[in-house]
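Visitor: I'm new to this one, and I'd like a close look at a single part. Could you pick one spot, walk me through it, and then show me how it sits in the whole?

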Amino acid sequence: MFIDSYEITKIGAKYNHKKDKREKDQLLFSTKSDEHISLSDLCDLLNSIDRRVNGDYGMNINVKVTMTETNQS
C-alpha cells in the first residue's frame, strides 16, 4: 500500500519569554509531503520522529485516514 500524502504535527506547551509562562496547544513540530511513500516507510518515519521529537515522554497519538476513489465517474 502506498500513501499519496501525509502531514505529521506535534502539539504541546511552549515557553513564551514575553509573558514568562508556558502556553498550551502550540505547534512544536510539523512536516508534510505530497510524494508517495509506502506504508512501511511511513511507519519507519513515524518511529524515527517519535524517538527524536518525543524522546522518553509519552504522547497521545491520533491518526486520520482518508481514502478517495480515483475514478468517481
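Guide: Let's start with one polar contact: the side chain of S38 reaches the backbone nitrogen of D41 at 3.1 Å. A polar contact here is a pair of N or O atoms within 3.5 Å; within protein, one must be able to donate a hydrogen and the other to accept it, and residues adjacent in sequence count only if both atoms are side-chain atoms.

Before going on, a word on what you're looking at. This is a predicted model, where local features need pLDDT of at least 70 and side-chain atom pairs count only at pLDDT 80 or more, while totals for chains, interfaces and linings use all residues. Residues are numbered from 1 along each chain as its sequence is written, and side-chain values use heavy atoms, with hydrogens and water left out.

Back to our spot. S38 sits in strand β4, which covers residues 37-38. Helices (H or I, at least four residues) and strands (E, at least two) are DSSP runs, numbered from the N terminus. S38 counts as buried because its relative accessible area is 14%; buried means under 20%, exposed over 50%, and partly exposed in between, using a 1.4 Å probe and protein chains only. Leaving aside neighbours within four places in sequence, S38 is in contact with M1 and F2, where contact means heavy atoms within 4.5 Å.

Next door is I37, also placed in strand β4. I37 has 14% relative accessibility, so I37 counts as buried. Not counting residues up to four places away in sequence, I37 touches M1, F2, I3, Y6 and L42. As for T9, its C-alpha atom is separated from that of I37 by 17 Å, and the two residues are 28 apart along the chain.

Now follow the chain into helix α1, residues 39-54, where you'll find N54. N54 is buried because its relative accessibility is 10%. Setting aside residues up to four places away in sequence, N54 touches K10, I49 and M59. The C-alpha atoms of N54 and S5 are 23 Å apart, with their positions 49 residues apart along the chain.

For a contrast, try two aspartates. D20 lies in the loop between β2 (6-16) and β3 (21-33), and D25 lies in strand β3. D20 has a phi near 55°, a positive value in a residue other than glycine; D25 has a positive phi of about 55° although it isn't a glycine either. D20 counts as exposed because its relative accessible area is 56%, and D25 is exposed because its value is 66%.

Finally, zoom out. The protein chain has one helix and four strands, and along the sequence they run β-β-β-β-α. Of its 73 residues, 19% count as buried. Among contacts between residues at least 6 apart in sequence, 48% join residues at least 24 apart. The C-alpha atoms fill a box of roughly 55 × 30 × 20 Å, taken along the principal axes.
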